[in-house]
Amino acid sequence: MYKSEKFGKIFWVDGDLNLKCCPQWADGTGDFEQTEYVTDWIDWEAVDMKALLDVYKVCIIKQVQPSGYKGG
C-alpha cells in the first residue's frame with residue numbers, strides 16, 4: 001500500500017494489478033469502506049496523471065518485490 005498526501009488516499013494493486021484506492025484519514029489510516037478502482041473515477045480533469053502513474057509504479061513494484069523496494 002502507498003499513502004499519498006497529494007491525493008489524500010491510500011493506493012494498492014489487487015491480484016490482477018488493477019489500481020485501487022480508498023480515502024485516507026488524518027491519522028494515516030484508510031476508510032476501506034470507500035474502496036474503489038481508480039478506473040471507476042469519473043472526473044479526470046484535475047488528476048495529475050504523472051503523479052498517479054508514479055503511484056501506480058510504486059504499487060506495482062511493492063506487489064512484485066514487497067521486501068526489495070527502496071523507492072525511486
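A residue counts as partly exposed when its relative accessible area falls between the 20% that marks the limit of buried and the 50% above which it is exposed. In this predicted model, D54 is a handy example: its relative accessibility is 33%, so D54 lands in the partly exposed class.

D54 also has a charged partner. Its side chain meets that of K50 in a salt bridge, with 3.2 Å from N to O. Both residues belong to helix α1, and because they sit four residues apart there, about one helical turn separates them. This fits a simple rule of helix geometry: an α-helix has 3.6 residues a turn, so residues three or four places apart point the same way. K50 itself is exposed, at 60% relative accessible area.

The structure holds three salt bridges, and the other pairs reach across the chain. D48 and K6 join through their side chains at 3.4 Å, N to O. D48 lies in the loop between β4 (36–37) and α1 (49–64), while K6 lies in the loop between β1 (2–4) and β2 (9–13), so this bridge ties together parts that are 42 residues apart in sequence. K6 is exposed, with a relative accessible area of 56%, whereas D48 is partly exposed at 32%. Then there is the bridge between the side chains of K9 and E36, at 3.6 Å from N to O. Here the link runs from strand β2, home of K9, to strand β4, home of E36, so parts 27 residues apart in sequence are tied together. K9 is buried, with 17% relative accessibility, and E36 is partly exposed at 28%.

Another lysine does without such a partner. K20, in strand β3 (residues 19–23), is buried but forms no salt bridge, and the nearest side chain of opposite charge, that of D14, is 5.4 Å away. That is too far to qualify, because a salt bridge needs the nitrogen and oxygen within 4 Å. Beyond its neighbours within four places in sequence, K20 does have plenty to touch, including F11, W12, D14, E36 and V38.

Next comes the inside of the fold. The largest nonpolar core has 10 residues: F11, V13, L19, C21, V38, W41, V47, L52, V55 and C59. Two or more of these residues come from each of β2, β3 and α1, with α1 giving the most, three residues. This is in line with a general trend: in soluble globular proteins, nonpolar side chains tend to be buried together. One core member, V13, touches N18, L19, Y56, C59, I60 and Q63, setting aside residues up to four places away in sequence.

Helix α1 has two faces. A51, L52, V55, V58 and C59 are its buried residues. They cover an arc of only 120° around the axis, which means that they share one side of α1. This buried set packs against β1, β2 and β3, while K50, L53 and V64 are exposed on the other side. The length of α1 checks out too: its 16 residues should span 22 Å at 1.5 Å a residue, and the end C-alpha atoms are indeed 22 Å apart.

Finally, L17 has an unusual backbone angle. Its phi is near 65°, a positive value in a residue that is not glycine. Most residues other than glycine have a negative phi. L17 lies in the loop between β2 and β3 and is partly exposed, at 31% relative accessibility.

Notes: Residues are numbered from 1 along each chain as its sequence is written. This is a predicted model: local features need pLDDT of at least 70, side-chain atom pairs count only at pLDDT 80 or more; totals for chains, interfaces and linings use all residues. Side-chain values use heavy atoms; hydrogens and water are left out. Buried means under 20% relative accessible area, exposed over 50%, partly exposed in between (1.4 Å probe, protein chains only). Lys and Arg count as positive and Asp and Glu as negative; His and the chain ends are not counted. Contact means heavy atoms within 4.5 Å. A nonpolar core is a set of buried Ala, Val, Leu, Ile, Met, Phe, Trp, Tyr and Cys residues joined through side-chain atoms within 4.5 Å. The expected span of a helix is 1.5 Å times one less than its number of residues. The arc is that of the directions from the helix axis to the C-beta atoms.
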